[in-house]
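Got the viewer open? Let's take a walk through this one, a stop at a time.

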Amino acid sequence: MLKRNNAFLAGAWLALSACANIAAPVDPAAVAAAAIVSGKLTEAARIEGDVAYLADDAREGREAGTRGYESAAHYVAARFAAIGLEPAGDDGWFQQVPLRAATPVLEAAAVSITDAGGETTTLTHLDDFRVFPSLDAASFDINAPAVFVGFGVYAPDAGHDDYEGLDLNGKIAVYFQGAPDFFDSEQRAHFGSGGAKSKEAAARGAIGTISLMNSERQQRTPWERFIANPSRISMTWVSPDGRADISGPGIRGSAVLHPDKAEMLFEGAARTYSEMLAEADEEGVAPSGFDLAVTVSMAGAISRRDVTSPNIAGVISGADPVLKHEYVVLTAHLDHTGVNQRLVDEGKDGLHNGAMDNALGVATMLEVANQLTQGEPPARSIIVLAVTAEEKGLLGADYFAHFPTVAKENIVANVNLDMPVMLHSFNDIVAFGAEHSSLGPIADAAVAAAGLKLSPDPFPQLGVFTRSDHYRFVEQGVPAVYLFPGFGNGGEEKFNQFMAEHYHKPSDDLSLPILYDDAARFADVNYRIALAIAQSPVRPFWNEGDFFGDLFAGE
Ligand SMILES: [Zn+2]
């Protein structure tokens, strides 16, 4: 919803960046609002009060690095204090995350394709392509031969190498998004992630990438939706030594091509785009790579700005003299996607309030924290962490996982909450990642004790395990689960409807009929799981031979 003056919103980013590196003063309004919600209320009313504050228009969509996010951060810190947590940031409640923000310069985006006969076709930005410059440089402009590399996956343990026999040095890698379907869903999500793919392309000397959508992707992300917010700011974090974290150093820019234009890349090559698309779509098949006959010019530019945005961290100290030095980290991202200026300019509601994504997840985590402070403290310590910049690539969680405020080796588990779609009265729970570690049986028992059942991943094709903050802990070797209300009792239909109509749209706002009594039940299940992990006599461990355990925690 948008009730504010547009010029005010447009100025928010500028106003913020001027003071972004100064420790933010306490926001008295946020503290006062937090005090009201911390008063004597039912669980459901507390969750509703938190969501109402965090998803209010005044938070301006809580984009990382904006003042809307800052006021949400102060609110969460005040709630942490009221709940009785101890500060666990490196600056009181806050861990400031240094971020490099890049705004695309839309006029600079260009792609043209020259065929073997020397004929050049210039494509139209947004109609035909989008470019994503590396955050390493202010602009890029490359011209190079293109090489088709199938899905661009390198999985030596599975005997799969899409780069075998191909020379990518100084060239542009062209690949289908995602990974072949013969990998199990989570490995598929890992190998198919943009980060993993640009890392592999960069390691072979490629200077640019072009990604294509197979039919499933085209359906999942219609082009119109893909280009809906072209000025969206992208970000990465900056390490204490001042270097920006880039997954594919050497890749100067990437482009995504409209499916109707993909054929041009294959002109004059050994095989056609239609053949490759058919293979990419076919079950159990992955297209093999070959040199293309075209050269591609790609250009783009960004305006860069360094800002900071805080994670908010509180801790419940463990009671056991030994286990208290081990930490279970609960996470929920506080940021959302901010303002879509294009919609605002068109006089439409361009404010992404993110009520479900993820005001509700943060509110649920706050209620879990509240319950954890009511009884005897658990054996292990529990860190409650609201993270920034999830929507920019899981950055706040990644920064904490790299530079935690406690000894890294003492972080034993992560439990994550992200967008618990609460539009049905759930009767089952999903714990993404449960099958990988000892956290699975712990969650299973805790869910059963609440009179519910733990269901398997309802949408394996989405690779959810790699798509939210918990995965940044997994990449540091920490077992994790991501909890979600199950699909039983009409949940599947409600979830699909939410994804189609409201996900990452301005309508994910307070007008959604969120079921707060069920949100309170969900918080209770989360509390039981978190407590069970913190009480478990054995440190959480990866299952023997687990793919992620071997990959990230292997000796
Ligand atoms: Zn989210």
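Leaving aside its neighbours within four places in sequence, which residues is Val328 in contact with? Select Val328 and you'll find Arg380, Ile382, Val412, Ala413, Val415, Ala530, Ile533 and Ala534; contact here puts the two C-beta atoms, placed from the backbone, within 7 Å.

Quick housekeeping: this is a predicted model, where local features need pLDDT of at least 70, side-chain atom pairs count only at pLDDT 80 or more, and totals for chains, interfaces and linings use all residues. Residues are numbered from 1 along each chain as its sequence is written.

Keep Val328 on and add Leu330 and Ala530: within the largest nonpolar core, which has 117 residues, these three touch the most other members. That core takes at least three residues from each of domain 1 (6-83 + 317-553) and domain 2 (103-304), with bounds from an automatic or database domain assignment. A nonpolar core is a set of buried Ala, Val, Leu, Ile, Met, Phe, Trp, Tyr and Cys residues joined through C-beta atoms within 7 Å. Buried means 20 or more other C-beta atoms within 10 Å of a residue's own, C-beta atoms being placed from the backbone.

Next, pick Phe176, Ala206, Phe266 and Ala280, which are among the 43 residues of a second, separate core. Zoom in on Phe266: it counts as buried because 22 other C-beta atoms lie within 10 Å. Beyond four places in sequence, Phe266 contacts Thr272, Tyr273 and Leu292.

Finally, zoom out: buried residues make up 51% of the chain's 555, and the C-alpha atoms fill a box of roughly 75 × 55 × 50 Å along the principal axes.

Note on methods
A residue is buried if 20 or more other C-beta atoms lie within 10 Å of its own, exposed if 12 or fewer, and partly exposed in between; C-beta atoms are placed from the backbone.
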